[in-house]
Amino acid sequence: MSFLEEDNSKTDYFDGPDIPDQPKKKEEPREPILNPDDPEYWYRDESEWDHLKPDRPRRLWLWGALAALTLAIVWIIYIIGFAPAVQEASICGYVEHIEKRGMVFKTFEGVLLPYKELKDTTRVYRHDFLFSVKDPKVAADMRRMQYANRPVRIEYNRYRSVLPWRGDGKVLVISVDSVDPRKILPPEFMPEVP
């Protein structure tokens, strides 16, 4: 039996009852979209220039939101990068070392051994005080105190983030002055004065 001479007595699954046609929904007539070239475009119910007016409230809200977002971003950048979190704080101690660093922005970086950490004999020494100095005069005064092995009192600002022109740390020293050892050291550690 060849392909063309197949038995037609087999059931054909496609010869079942037809699915009834769904009634079509009546479409509402649409208003034609007119071009400015059509004469009827210019003779509608609206005034002659209404179609040319921009959507002012939406545009106004968009510009207002954009301005508010820009101000918020500027304010956040100012708070994080430029406004000090702590201003004019002070700490006493000994300058361990101070050095000049930086490829583009030259700053002085140093370590201070805080006096309150040195005098506390009950707790383990916790940390050194890392700082940055931009002013070369302040850095020279600190280096002089380091070589003389004298205690210093520094005033500093602490920032929330590190910026390259401020140094490697969040602490920026503003001023430094020497401290009379008799005022901060206990009598057994007093240096002998000739």
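## Exercises on a predicted model

In S5, leucine 172 is the bridge partner of asparagine 157. The model is predicted, and the exercises below start from its strands.

**Exercise 1. Work out how the strands of the barrel are ordered and paired.**

Step 1. Start with S4 and S5. They pair in the antiparallel sense, over seven bridges. The pair of asparagine 157 and leucine 172 belongs here, with leucine 172 in S5.

Step 2. Go on to S3. Two bridges join S3 to S5, and these strands run parallel. Valine 133 stands opposite valine 173 in S5.

Step 3. Take S2 next. S2 and S3 pair over five bridges in the antiparallel sense. Valine 133 appears again: in S3, it is the bridge partner of phenylalanine 108.

Step 4. Put the order together. The five strands form a closed barrel that runs S1-S2-S3-S5-S4, with mixed pairing. On average, neighbouring strands of this sheet are turned by 55 degrees against each other, direction ignored.

Step 5. Add the helix. H3 lies across S1, S2, S3, S4 and S5. Its direction is at about 70 degrees to S1.

**Exercise 2. Find which elements build the largest nonpolar core.**

Step 1. Size the core. It has 19 residues. Those with the most contacts inside it are Leu112, Phe129, Phe131, Val133, Met142 and Ile154.

Step 2. List the elements that give two or more residues to this core. They are strand S1 (86-101), strand S2 (107-114), strand S3 (129-133), helix H3 (136-148), strand S4 (152-158) and strand S5 (171-178).

Step 3. Look at one core residue. Leucine 112 touches, among others, Ile91, Val95, Phe129, Phe131, Val152 and Ile154, leaving out residues up to four places away in sequence.

Step 4. Recall the general trend. In soluble globular proteins, nonpolar side chains tend to be buried together.

**Exercise 3. Classify two aromatic pairs, one of tryptophan 75 and tyrosine 78, the other of phenylalanine 105 and tryptophan 165.**

Step 1. Choose the values to use. A pair of aromatic rings is described by the distance of the centres and the angle of the planes.

Step 2. Take tryptophan 75 and tyrosine 78. Their rings are 6.0 Å centre to centre, with 35 degrees between the planes, and the pair is tilted. Both residues lie in helix H1 (residues 56-82), three residues apart, about one turn of the helix. Tryptophan 75 is exposed, at a relative accessible area of 54%. Tyrosine 78 has 41% and is partly exposed.

Step 3. Take phenylalanine 105 and tryptophan 165. Their ring centres are 6.0 Å apart and their planes stand at 70 degrees, so this pair is edge-to-face. Phenylalanine 105 is in the loop between S1 and S2, and tryptophan 165 is in the loop between S4 and S5, so the pair ties together parts 60 residues apart in sequence.

Step 4. Check exposure and company. Phenylalanine 105 is partly exposed at 39%. Tryptophan 165 is also partly exposed, at 39%. Phe82, Phe105 and Trp165 form one aromatic cluster.

**Exercise 4. Decide whether glutamate 88 and asparagine 149 are buried or exposed, and describe their phi angles.**

Step 1. Recall the usual sign. Most residues other than glycine have a negative phi.

Step 2. Check glutamate 88. Its phi is near 50 degrees, a positive value. Glutamate 88 is in strand S1. Its relative accessibility is 61%, so it counts as exposed.

Step 3. Check asparagine 149. Its phi is near 55 degrees, again positive. Asparagine 149 is in the loop between H3 and S4. At 59% relative accessible area, asparagine 149 is exposed.

Definitions and conventions
Residues numbered from 1 in each chain as written. Predicted model: local features only at pLDDT ≥ 70, side-chain atom pairs only at ≥ 80, totals over all residues. Heavy atoms only, no water. Core = buried A, V, L, I, M, F, W, Y, C linked by side-chain atoms within 4.5 Å. Buried < 20%, exposed > 50% of the residue type's maximum accessible area, 1.4 Å probe, protein only. Helix = DSSP H or I, 4+ residues; strand = E, 2+ residues; numbered from the N terminus. Contact = heavy atoms within 4.5 Å. Pairing = 2+ DSSP bridges. Axes fitted to C-alpha atoms, helices over the stretch in contact; angles between N-to-C directions. Phe/Tyr/Trp six-rings, centres within 6.5 Å; stacked < 30°, edge-to-face > 60°.
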